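Colleague: I've got a few "how do you know" questions about this model. Can we go through it together?
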Amino acid sequence: MNHHPVHHHAAPPPGPSTEAPLMLPPATETLALMQRRRSAPLRGLVEPGPTVEELRHMLSLAARVPDHGRLMPWRFIVVAGEARAQLGARLDALYAAQNPDLPASKADMWTLYLKRAPVTVVLVARPDPAAKVPEWNQVLSVGAAGMALTLAASALGFATQWLLKWPGRDPEAAALVGTKPGERIAGFIHIGRPVAIAEDRPRPALDEVVSAWTDQSSISKDTP
Ligand SMILES: Cc1cc2nc3c(=O)[nH]c(=O)nc-3n(C[C@H](O)[C@H](O)[C@H](O)COP(=O)(O)O)c2cc1C
């Protein structure tokens with residue numbers, strides 16, 4: 001039947017592959033984790049934080065997200081242990097300088113903020129505007145890395161809270177956190193053990209966010 005010679009360099013035929021599908025089984029535990037995962041409030045994140053190995057594990061999973069052009073348009077700054085209070089003190093000093101009327105009760109607010117969670121991973125966007133890959137594609141990969149980290153942390157038994165407050169928004173503060181020119185903080189992902197499983201929040205009804213494409217132009221075409 002197959003009399004055709006094998007053409008190693010022939011282009012594949014157009015249309016879908018004619019190869020048989022791999023019928024992969026559902027990853028039930030992954031589906032359940034994605035279903036139940038939700039953020040824990042920062043106040044409810046406690047020790048013990050991830051071990052060095054656990055942290056490396058979750059970061060390595062976060063670093064295997066879709067990444068157009070393999071540009072690695074993201075990186076992670078780990079703030080843990082003593083570094084939390086050290087960075088906190090630097091941020092408090094800058095915050096006080098920027099806000100001369102700051103009440104004394106807020107003098108150490110960023111130290112307290114960083115000391116709440118055992119570990120904070122700062123997600124940094126570092127898109128290359130000169131790359132052929134559009135910057136938008138690169139930035140989207142950063143968000144994907146944040147979500148992958150969040151899921152990996154949850155899969156290892158931790159909970160997270162992804163926040164982006166003044167230390168991530170203010171350029172001087174972001175520099176204290178460790179960003180270089182051209183970089184932008186995409187979030188502080190706080191990681192710890194949850195003290196409780198937080199009640200879920202309402203999730204969007206699918207009709208609000210899902211639609212099937214229909215040809216809108218046909219409406220005007222049909223009208224003479
Ligand atoms: C990039 C980004 C920044 C956020 N920054 C804040 C923030 O500064 N303050 C806040 O209350 N929530 C912030 N959130 C939302 C919290 O992470 C929130 O707890 C989360 O959306 C709860 O949803 P979940 O239970 O599905 O994780 C941010 C979320 C994202 C994705």
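**Around the ligand**

Modeller: Sure. Keep in mind that the model is predicted. The ligand has Arg 38, Ser 39, Gln 161, Trp 162, Leu 163, Leu 164, Lys 165, Gly 187 and Arg 201 around it.

Colleague: What makes these residues count as surrounding the ligand?

Modeller: The cut-off is a C-beta atom, placed from the backbone, within 6 Å of the molecule. Strand β4 (residues 159-163) gives the most to this shell, with 3 residues.

Colleague: How does the shell divide into nonpolar, polar and charged residues?

Modeller: Evenly: 3 nonpolar, 3 polar and 3 charged. Gly counts as polar here, so Gly 187 of the shell goes into that class.

Colleague: How do you know how the protein chain compares with a compact globule?

Modeller: From the radius of gyration: a compact globule of 224 residues would be near 17 Å, but the protein chain has 24 Å. The C-alpha atoms fill a box of roughly 85 × 45 × 40 Å along the principal axes.

Colleague: And what share of the residues counts as buried?

Modeller: Of the 224 residues, 24%. To count, a residue needs 20 or more other C-beta atoms within 10 Å of its own.

Colleague: Why is the crossing of α2 and α5 called right-handed?

Modeller: Because the term goes with a clockwise turn of the near helix from the far one, and this crossing is right-handed. Helix α2 (residues 52-62) and helix α5 (residues 135-155) pack at about 145 degrees, with axes 8 Å apart. By class, their contact has 9 nonpolar, no polar and no charged residues.

Conventions
Residues numbered from 1 in each chain as written. Predicted model: local features only at pLDDT ≥ 70, side-chain atom pairs only at ≥ 80, totals over all residues. Helix = DSSP H or I, 4+ residues; strand = E, 2+ residues; numbered from the N terminus. Rg over C-alpha atoms; globule rule 2.2 N^0.38 Å. Buried ≥ 20, exposed ≤ 12 C-beta atoms within 10 Å, placed from the backbone. Axes fitted to C-alpha atoms, helices over the stretch in contact; angles between N-to-C directions.
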